[in-house]
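Colleague: Could you take me closely through a single part of this model, with the residues named as you go? I would like one connected account rather than a list.

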Amino acid sequence: MPPRQRITKEILLEHAFMIAEEQGIMAVTSRSVAKSVGCSIQPVFSQFPTMEELRQATFDFACNIFVKEVLAFEEKPDFFPQVTKWVLNLARNKPNLFRMLYLSDGFKGKNFLDVMMTFESNNRMVTKMAELYCLNENVCKDILLRSCLFLLGICTMICVNHMEFSDEQVAEMMKQTVSDMVIGAKGKNV
C-alpha cells in the first residue's frame with residue numbers, strides 16, 4: 001500500500017486558486033476543492049472550518065501571488081506602465097481573478113488606502129513615486145490611491161462591460177492623469 005499523501009493548506013489553496021481562476025470565487029467550496037485535490041472534504045474542513053475562511057484564505061493567497069507578480073517589474077524603468085498592463089491583462093484575460101481581487105468583498109468594510117498599503121508592491125510604488133516626483137510619501141499615497149481608482153474603473157468597464165481600450169490608450173490616460181495630479185500636488189506645495 002503506497003503512503004498517503006499529506007494534504008497541506010498550501011495544496012488546498014493552490015487548488016482553490018485554480019477553481020477561482022476558472023469559475024470565480026463563489027465556486028470555491030469545500031467540495032470543489034476536495035474534488036480538485038482528489039480527497040474527501042475532511043482535509044478541507046480541518047484547515048478551513050467555514051466557507052468564509054476558505055474563500056478569504058483563497059483571496060489572501062491570490063493577493064500574495066499578485067504582489068510577487070507585480071514586484072517582478074520593480075527594477076524595470078517602466079515599473080508603473082508595467083503594473084498598469086498587468087492590471088489590464090487581469091481584467092481582460094483573467095476576469096474571474098480580477099473580480100475576486102477588486103470586485104468581491106475580500107476587503108469588505110476596510111479603508112481602501114489602508115488595505116492598499118498593506119501590500120509591499122504598493123509601498124514600493126509610493127517610494128519610487130516620492131523619488132521620481134520629489135514629493136513626500138503621503139502625497140504619493142494619495143496619488144497612488146486616486147490613480148488606482150481611475151485604473152480600476154477602466155478595468156472594471158473592460159472586465160464587466162467588455163469595453164475596448166488598448167494598452168496604449170490606457171497607458172496614455174494614466175500617464176496624463178498622474179502627471180496632472182503631480183503638477184497639482186506641487187502647486188499646493190509652492
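Modeller: What follows is a look at one helix pair and then at the pocket to which both helices contribute. Please keep in mind that this is a predicted model. Helix 9, which covers residues 137–161, packs against helix 10, residues 167–188, at an angle of about 150 degrees, and their axes are 10 Å apart. Because an angle over 145 degrees counts as roughly antiparallel, helix 9 is described as roughly antiparallel to helix 10, and the crossing of the two is right-handed. On the side of helix 9, the contact is made by Val139, Ile143, Arg146, Ser147, Phe150, Leu151 and Ile154, while helix 10 brings Val170, Met173, Met174, Thr177, Val178, Met181, Val182 and Ala185. Sorted by class, the residues of this contact comprise 12 nonpolar, 2 polar and 1 charged.

Leu151, named in that contact, also appears in the largest pocket, where Val83, Asn122, Met125, Leu144 and Leu151 are the lining residues that lie nearest the centre. The volume of this pocket is about 670 Å³, and its lining consists of 32 residues, divided into 26 nonpolar, 5 polar and 1 charged. At least two lining residues come from each of helix 4 (51–71), helix 5 (79–93), helix 6 (95–103), helix 7 (112–116), helix 8 (120–133), helix 9 and helix 10, with helix 5 giving the most, 6 residues.

Methods:
Residues numbered from 1 in each chain as written. Predicted model: local features only at pLDDT ≥ 70, side-chain atom pairs only at ≥ 80, totals over all residues. Heavy atoms only, no water. Axes fitted to C-alpha atoms, helices over the stretch in contact; angles between N-to-C directions. Helix = DSSP H or I, 4+ residues; strand = E, 2+ residues; numbered from the N terminus. Parallel < 35°, antiparallel > 145°, perpendicular 65-115°, else oblique. Left-handed = near helix turned anticlockwise from the far one by under 90°. Contact = heavy atoms within 4.5 Å. Nonpolar A, V, L, I, M, F, W, Y, C, P; charged D, E, K, R; others polar. 1 Å grid on protein atoms, 1.4 Å probe; cavity = no way out; pocket = protein on both sides within 12 Å on 5 of 7 lines; lining within 4 Å. Points joined across faces, edges and corners; volume = space filled by probe spheres on them.
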